Amino acid sequence: GNVGDDLQAFTQLYPEAQIHSFEPVLRFFRRLDQLFTGTKKRIKIHHLGASDRNTTVNFRIDGDQAGSSQFGHVGNDDAPVWEEVRLADAHHLLQGISQDEGLGIDVLSINCEGCEYAILERLAIKGWFAR
């Protein structure tokens with residue numbers, strides 16, 4: 001997630017793994033980049049999000065950490081704060097990592113506030129689950 005809990009757990013579960021995290025919201029990207037600054041060879045934080053296609057969208061970023069989403073925030077009377085974020089085709093992201101690392105993808109965790117099914121469908125169409 002955007003506070004680093006998942007990344008921390010993955011480093012403990014998979015101590016030899018190369019880990020890539022994609023965070024499109026600038027303040028969360030900066031936080032993750034700072035938290036994992038001493039592990040740059042092992043954990044790479046990318047300032048973009050995964051999607052089923054290359055695009056830019058507006059995420060509502062006011063509220064708590066878990067509330068970043070292109071779908072907004074329910075029950076908040078304050079004026080909304082939006083950030084334009086860049087999303088990239090998950091197929092191309094995984095392809096680039098595989099080529100750069102010279103390794104396949106062994107474990108994939110997707111937490112993108114509602115886009116999981118679209119990403120999984122895209123990766124299935126591109127044959128990632130048959131590898």
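**Close-up views of the predicted model**

**View 1. The link between Cys112 and Cys115 is left-handed, with -135° about the S-S bond.** The model is predicted. The two cysteines are joined by a disulfide with an S to S distance of 1.9 Å. A disulfide is a covalent bond between the sulfur atoms of two cysteines. A search of the whole structure returns 1 disulfide. Are the two cysteines of this link buried or exposed? Cys112 counts as buried because its relative accessibility, 19%, is under the 20% cut-off. Cys115 has a relative accessibility of 15%, so Cys115 is also classed as buried.

**View 2. Strands E1 and E2 run parallel and are joined by 4 bridges.** E1 covers residues 19-22, and E2 covers residues 43-46. Within this pair, Ile19 has Ile43 in E2 as its bridge partner. The chain passes from E1 to E2 by way of helix H2 (residues 26-35), and the resulting β-α-β crossover is right-handed. How do the side chains along E2 point? They alternate: Ile43 and Ile45 face one way and are buried, whereas Lys44 and His46 face the other way and are not buried.

**View 3. Ser21 is a buried residue of the model.** Ser21 belongs to strand E1. Its relative accessible area is 12%, which is under 20%, so Ser21 counts as buried. Which residues does Ser21 touch, leaving aside those up to four places away in sequence? They are Leu7, Leu32, Lys44, Ile45 and His46. Among these, Lys44, Ile45 and His46 also appear in the alternating pattern of E2, where Ile45 is buried and Lys44 and His46 are not.

**View 4. Three strands form an open sheet in the order E3-E5-E4, with mixed pairing.** Strand E3 (49-51) and strand E4 (55-60) each have a single partner strand; they therefore stand at the edges, and one side of each lacks a neighbour in the sheet. From one strand to the next, the twist averages 50°. E4 and strand E5 (residues 82-89) run antiparallel and are joined by 6 bridges. Glu83 in E5 is the bridge partner of Phe59.

**View 5. Helix H3 lies across strands E3 and E5.** The helix consists of residues 90-101. Relative to E5, H3 runs at about 65°. In the sheet order, E5 stands between E3 and E4, and E3 is an edge strand.

**View 6. The whole protein chain has 4 helices and 5 strands.** Along the sequence, these elements follow the pattern α-β-α-β-β-β-β-α-α. The chain has 131 residues, of which 34% count as buried. Among contacts with a separation of 6 or more, 65% are between residues 24 or more positions apart.

**View 7. The average pLDDT of the protein chain is 88.** A score of at least 70 is reached by 87% of the residues. Where is confidence lowest, and where is it highest? The lowest value is in helix H1 (residues 5-13), with a mean of 93, and the highest is in helix H4 (residues 116-125), at 97.

Notes. Residues are numbered from 1 along each chain as its sequence is written. This is a predicted model: local features need pLDDT of at least 70, side-chain atom pairs count only at pLDDT 80 or more; totals for chains, interfaces and linings use all residues. Side-chain values use heavy atoms; hydrogens and water are left out. Two strands pair if DSSP finds at least two bridges between them. Helices (H or I, at least four residues) and strands (E, at least two) are DSSP runs, numbered from the N terminus. Axes are lines fitted to C-alpha atoms, for helices over the stretch in contact, and angles run from 0 to 180 degrees between N-to-C directions. Contact means heavy atoms within 4.5 Å. Buried means under 20% relative accessible area, exposed over 50%, partly exposed in between (1.4 Å probe, protein chains only). A crossover is right-handed if, with the strands pointing away from the viewer, the path from the first strand over the helix to the second runs clockwise. pLDDT is the predictor's confidence in each residue, from 0 to 100. A disulfide is a pair of cysteine sulfur atoms within 2.5 Å.
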